[in-house]
Amino acid sequence: MPSNSVYVEQHIPTQFERTWTAFRRNKLAVIGFWCLAGLLLVTLFAPLLAPWSPQHQTGQLLMPPSWVQSGQIEFFLGTDDLSRDMLSRLIAGSRLTFGLALITALTASLVGIAIGVLAGMTKGLKSSVLNHILDSILSIPSLLLAIIVVAFLGVGETQILLAIWLSLIPRIIRAVYTAVHDEIEKDYIIAARLDGANNIYLLHHSILPNIVTVLSTEVTRAISVAILDVAALGFLGLGLNPQPPNGALCSVIPLSLFLPPPGQ
């Protein structure tokens with residue numbers, strides 16, 4: 001054995017390494033991570049995984065799922081009243097629901113974390129004013145705030161994403177602001193300041209590693225809230241509604257709307 005390996009210095013793990021180790025030991029967290037990764041793969045490769053086009057009419061009206069006796073394996077989840085394959089529409093819809101919600105939540109998290117960290121590092125009047133403003137905004141539910149934004153900007157893909165993005169940012173700012181503000185008041189931060197550590201050093205080596213749990217929780221919650229808001233806006237007729245296939249417009253809209261009134 002080489003002499004220089006007799007006394008090996010013990011490696012002290014960083015806070016990020018401790019967080020990753022604790023995450024790997026949590027089986028539910030690992031299962032949730034792989035489920036999220038699988039859903040992300042389905043969203044990215046939706047056109048390749050869908051057996052049919054989401055607007056393709058197969059000619060099989062209201063076909064039951066494949067596990068029913070009268071169902072067919074070709075239509076795993078059955079068909080709708082326009083003979084469109086439900087599994088294909090579900091896979092294609094993941095790009096609108098999960099994909100757009102994921103992008104919106106991640107961008108809102110980046111902006112919210114940056115503003116929350118800057119606000120948490122400040123004190124005095126600026127911090128107090130921001131705290132009261134965030135409390136006022138958070139009194140409005142995120143869905144209602146998104147509906148208000150859509151009412152002003154109009155219905156469209158960009159408007160929907162902007163509305164959800166604006167409704168998520170105050171919630172993330174508030175959580176990050178509270179976590180940073182509580183962390184900066186602890187004794188080890190005060191001791192590091194007395195040793196000459198500046199704000200950038202404290203933020204990188206002390207504050208952010210200790211609020212990783214809060215950050216991951218808020219990002220995960222933002223994704224779930226964005227998915228619910230996208231689905232709710234679509235249910236209310238303010239979201240992304242797919243167009244009916246060619247030839248199926250008459251089955252959705254009554255023909256009486258296009259006929260002239262009697263006597264004309």
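Q: By class, what's in the lining of the largest cavity?
A: Four nonpolar, no polar and three charged residues. Nonpolar means Ala, Val, Leu, Ile, Met, Phe, Trp, Tyr, Cys and Pro, charged means Asp, Glu, Lys and Arg, and the others, Gly among them, are polar. This is a predicted model, where local features need pLDDT of at least 70, side-chain atom pairs need 80 or more, and totals for chains, interfaces and linings use all residues. Numbering runs from 1 along each chain as its sequence is written, and side-chain values use heavy atoms, with hydrogens and water left out.

Q: Which residues line the largest cavity?
A: Leu-168, Arg-171, Ile-172, Glu-218, Arg-221, Ala-222 and Val-225. A cavity is a set of points on a 1 Å grid over the protein atoms alone where a 1.4 Å probe fits but cannot get out, and lining residues have an atom within 4 Å of a point.

Q: Which helices supply at least two of those residues each?
A: Helix 7 (157-184) and helix 10 (212-235). Helix 10 gives the largest share, four residues. Helices are DSSP runs (H or I, at least four residues), numbered from the N terminus.

Q: How much space is in the largest cavity?
A: About 40 Å³. That volume is the space filled by probe spheres set on the points, with grid points joined across faces, edges and corners.

Q: How many cavities of 30 Å³ or more are there?
A: Two. The second largest has a volume of about 30 Å³.

Q: What lines the second largest one?
A: Ile-137, Leu-138, Ile-140, Ser-142, Leu-145, Ser-167, Pro-170 and Arg-171. Helix 5 (125-138), helix 6 (142-153) and helix 7 each give two or more residues to this lining. The largest share, three residues, comes from helix 7. By class, the lining of the second largest cavity has five nonpolar, two polar and one charged residues.

Q: OK, pockets. What's the volume of the largest pocket?
A: About 610 Å³ of space lies in the largest pocket. A pocket is an open set of points with protein on both sides within 12 Å along at least five of seven lines.

Q: Which lining residues are closest to the centre of the largest pocket?
A: Phe-23, Phe-33, Ser-216, Thr-217 and Thr-220, out of 19 that line the largest pocket. Helix 1 (15-25), helix 2 (27-44), helix 4 and helix 10 each give two or more residues to that lining.

Q: Which of them gives the largest share?
A: Helix 10, with eight residues.

Q: Is the pocket lining charged or uncharged?
A: The lining of the largest pocket has no charged residues, but 11 nonpolar and eight polar ones.

Q: Switching to helix 4. Where does helix 4 bend?
A: At Gly-93, by about 35°. The bend is the angle between axes fitted to the seven residues ending there and the seven starting there. Helix 4 covers residues 86-120 and reaches 48 Å from its first C-alpha to its last.

Q: How do helix 4 and helix 7 pack?
A: At an angle of about 35°, with their axes 6 Å apart. By class, that contact of helix 4 with helix 7 has 19 nonpolar, seven polar and one charged residues. Here the axes are lines fitted to C-alpha atoms over the stretch in contact, and angles run from 0 to 180 degrees between N-to-C directions.

Conventions: The expected span of a helix is 1.5 Å times one less than its number of residues.
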